[in-house]
Amino acid sequence: MNLKTVRDLTRYRQRIIDEAVAVLTAKDFFSGFDRPAESVARAVCEGLLDLLTDPDRSSDPRTVEMFMEHLYNLIRKKSLKVDTTLEFLDTFEEIVKRPLDNVEDRDIDAFFSLCRSIIRQRHKELARKLR
């Protein structure tokens, strides 16, 4: 990830997190835990943004895979869990990209593409185990 993207994400961090928490809590992704859904959403958004702004960690498939595994387990199942998790990622990506220049979107796209492929692969593995 280029330095300008990291700087911009850091500059807009609080705005991104606040908007994401409001939207994701309203969409009910994190209900049913012993903590308030807003608290879980905030922790997930902060962690995902931390991961995204760390060039070494965000480009390491094993690190991203570990985070996606936790996210997949946290998401409340509304329909197919894979669909719900992908909807979360789409929503979060859209919020992250709003304050950025289009040039910077390329780095964000690559990160979220990696996240989506990990989630799809995880879902396929689980489906095979259930057969």
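# A tour of a predicted helical model

Start by selecting Cys115: leaving out residues up to four places away in sequence, Cys115 touches Val64, Met68 and Leu89. The model is predicted, and the stops below can be followed in order.

**Stop 1: Cys115**

With Cys115 still selected, colour by secondary structure; Cys115 lies in helix α7. The relative accessible area of Cys115 is 0%, so Cys115 counts as buried. Now add Ser58 and draw a C-alpha to C-alpha distance. Cys115 and Ser58 are 57 residues apart along the chain, and their C-alpha atoms are separated by 9.8 Å.

**Stop 2: the whole chain**

Zoom out and show the cartoon. The protein has seven helices and zero strands, and the pattern along the sequence reads α-α-α-α-α-α-α. The radius of gyration is 14 Å, close to the 14 Å that the globule rule gives for 131 residues, so the protein is as compact as a globular protein of that length. Along the principal axes, the C-alpha trace spans about 45 × 30 × 20 Å.

Switch to a surface. The protein exposes about 7300 Å², and carbon and sulfur atoms supply 50% of that area. Of the 131 residues, 40% are buried. If you draw a contact map, take the contacts between residues at least 6 apart in sequence: 66% of them join residues at least 24 apart. For the charges, select the 24 positive and the 24 negative ones; their mean positions are 4 Å apart.

**Stop 3: Leu89**

Go back to sticks and select Leu89, one of the residues that Cys115 touches. Leu89 lies in helix α6. Is Leu89 buried or exposed? Leu89 is buried, with a relative accessible area of 0%.

Show what surrounds Leu89. Not counting residues up to four places away in sequence, Leu89 touches Leu48, Met68, Leu71, Phe112, Cys115, Arg116 and Ile119. For a distance across the fold, add Val21: Leu89 and Val21 are 68 residues apart in sequence and 13 Å apart in space, C-alpha to C-alpha.

**Stop 4: the aromatic cluster**

Phe112, among the contacts of Leu89, leads to the rings. Select Phe29, Phe30, Phe88, Phe92, Phe111 and Phe112, which form one aromatic cluster. A pair of aromatic rings is described by the distance of the centres and the angle of the planes. The count for the protein is six aromatic pairs.

Take Phe92 and Phe112: the ring centres are 6.2 Å apart and the planes are at 55°, so this pair is tilted. Phe92 lies in helix α6 (residues 81-97) and Phe112 in helix α7 (residues 105-130), so the pair ties together parts that are 20 residues apart in sequence. Both Phe92 and Phe112 are buried.

Next, swap Phe92 for Phe111. Why is the pair of Phe111 and Phe112 edge-to-face? The planes of Phe111 and Phe112 are at 85°, with the ring centres 5.2 Å apart, and pairs with planes over 60 degrees apart count as edge-to-face. Phe111 is buried, and so is Phe112.

**Stop 5: Glu93 and Arg116**

Select Glu93 in helix α6 together with Arg116 in helix α7. Glu93 is buried, with a relative accessible area of 9%. Arg116 is buried too, at 13%.

Which residues does Glu93 contact, leaving aside neighbours within four places in sequence? They are Ile108, Asp109, Phe112 and Arg116. With the same exclusion, Arg116 is in contact with Leu86, Leu89, Asp90 and Glu93. Keep Leu89 visible here, since Arg116 is also listed among the contacts of Leu89.

**Stop 6: the loop between α2 and α3**

Finish at the loop that holds Asp28, between α2 (13-26) and α3 (37-52). Most residues other than glycine have a negative phi. Asp28 has a positive phi of about 65° although it is not a glycine. At 29% relative accessibility, Asp28 counts as partly exposed.

Then select Pro36, which lies in the loop between α2 and α3. Pro36 is exposed, with a relative accessible area of 58%. Add Thr25 for a last distance: Pro36 and Thr25 are 11 residues apart in sequence and 9.5 Å apart in space, C-alpha to C-alpha.

Definitions and conventions
Residues numbered from 1 in each chain as written. Predicted model: local features only at pLDDT ≥ 70, side-chain atom pairs only at ≥ 80, totals over all residues. Heavy atoms only, no water. Helix = DSSP H or I, 4+ residues; strand = E, 2+ residues; numbered from the N terminus. Rg over C-alpha atoms; globule rule 2.2 N^0.38 Å. Buried < 20%, exposed > 50% of the residue type's maximum accessible area, 1.4 Å probe, protein only. Contact = heavy atoms within 4.5 Å. Areas by Shrake-Rupley, 256 points an atom, 1.4 Å probe, with all protein chains shown as cover. Lys, Arg positive; Asp, Glu negative; His and termini not counted. Charge placed at Lys NZ, Arg CZ, Asp CG, Glu CD. Phe/Tyr/Trp six-rings, centres within 6.5 Å; stacked < 30°, edge-to-face > 60°.
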